[in-house]
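Thank you all for making the time this morning. I would like to walk through one structure with you, and please keep it open in front of you while I talk.

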Amino acid sequence: MATPHVSGVAALVKSWHPDWSPAAVKSDILTTADTVGNDGGPIMDQHWKTASAYATGAGHVNATRAVDPGLVYDIWPTEYYVFCLDRGSNNASPATRA
């Protein structure tokens, strides 16, 4: 059920910041997520046990904080290409900044 919520928050963020790239929107949502549950305790899994780091991910989406994050990390396809070349990948293909 997270996909419709995150998609809605992404649309909200994009409406406030139309010039942001998809990577910036993703960064915004991840860096503004809550790392605790609504009650201030740990995030719980489907069995009502403390969720592992893999189950928690970045945390609970916080739409209010997402529209004004303060800090956003942005990256472009060309930067991934350079990273792959630096790592010795022969399968990287050039990309252009849109």
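I will begin with confidence, then take the helix packing and the core, and finish with a few individual residues.

What you see is a predicted model, so every value I quote is computed from predicted coordinates. Over the chain the mean pLDDT is 85, and 89% of the residues reach 70 or more. Confidence is highest in α2, with a mean of 93, and lowest in helix α5, residues 77-86, where the mean is 81.

Let me turn to the first two helices. Two packed helices are described by the angle between their axes and the distance between those axes. For α1 and α2 the angle is about 115° and the axes lie 10 Å apart, and the crossing is right-handed. On the α1 side the contact is made by Val6, Val9, Ala10, Val13 and Lys14, which meet Val25, Asp28 and Ile29 of α2. Within α2, the buried residues are Ala24, Val25, Ser27, Asp28 and Ile29, and these pack against α4 as well as α1.

That brings me to the core. Nonpolar side chains in soluble globular proteins tend to be buried together. Here the largest nonpolar core has seven residues, namely Val9, Val13, Trp20, Ala24, Val25, Ile29 and Ala66. Both α1, residues 2-16, and α2, residues 22-31, supply at least two of its members, with α2 giving the largest share at three residues. Ala66 deserves a closer look: leaving aside residues up to four places away in sequence, Ala66 touches Val9 and Val13, and also Asp28 and Thr32.

Now for charge. How many salt bridges does a search of the whole structure find? The search finds one, and the partners are Asp34 and Arg65, whose closest N and O atoms are 3.1 Å apart. This pair links distant parts of the chain, since Asp34 sits in the loop between α2 and α3 while Arg65 belongs to helix α4, residues 63-66, and the two are 31 residues apart. As for exposure, Asp34 is partly exposed at a relative accessible area of 22%, and Arg65 is likewise partly exposed, at 38%.

Staying around Asp34, I would point you to Ala58, which is placed in the loop between α3 and α4. Ala58 and Asp34 are 24 residues apart in sequence, yet their C-alpha atoms are 7.7 Å apart in space. Beyond its sequence neighbours up to four places away, Ala58 touches Leu30, Ala33, Asp34 and Thr35. With a relative accessibility of 32%, Ala58 counts as partly exposed.

Two further loop residues are worth setting side by side. Ser21, in the loop between α1 and α2, has a relative accessible area of 6% and is therefore buried, the cut-off being under 20%. Not counting residues up to four places away in sequence, Ser21 touches Lys14, Asp74, Ile75 and Trp76.

Trp48, by contrast, lies in the loop between α2 and α3, the latter spanning residues 53-56. Is Trp48 buried or exposed? Because its relative accessibility is 70%, and exposed means over 50%, Trp48 counts as exposed. I would also ask you to check the backbone there, as the phi angle of Trp48 is near 60°, a positive value in a residue other than glycine.

That is where I will stop, and I am happy to go back to any of these places.

Methods. Residues are numbered from 1 along each chain as its sequence is written. This is a predicted model: local features need pLDDT of at least 70, side-chain atom pairs count only at pLDDT 80 or more; totals for chains, interfaces and linings use all residues. Side-chain values use heavy atoms; hydrogens and water are left out. A nonpolar core is a set of buried Ala, Val, Leu, Ile, Met, Phe, Trp, Tyr and Cys residues joined through side-chain atoms within 4.5 Å. Buried means under 20% relative accessible area, exposed over 50%, partly exposed in between (1.4 Å probe, protein chains only). Helices (H or I, at least four residues) and strands (E, at least two) are DSSP runs, numbered from the N terminus. Contact means heavy atoms within 4.5 Å. A salt bridge is a side-chain nitrogen of Lys or Arg within 4 Å of a carboxyl oxygen of Asp or Glu. pLDDT is the predictor's confidence in each residue, from 0 to 100. Axes are lines fitted to C-alpha atoms, for helices over the stretch in contact, and angles run from 0 to 180 degrees between N-to-C directions. A crossing is left-handed if the near helix is turned anticlockwise from the far one by less than a right angle, and right-handed if clockwise.
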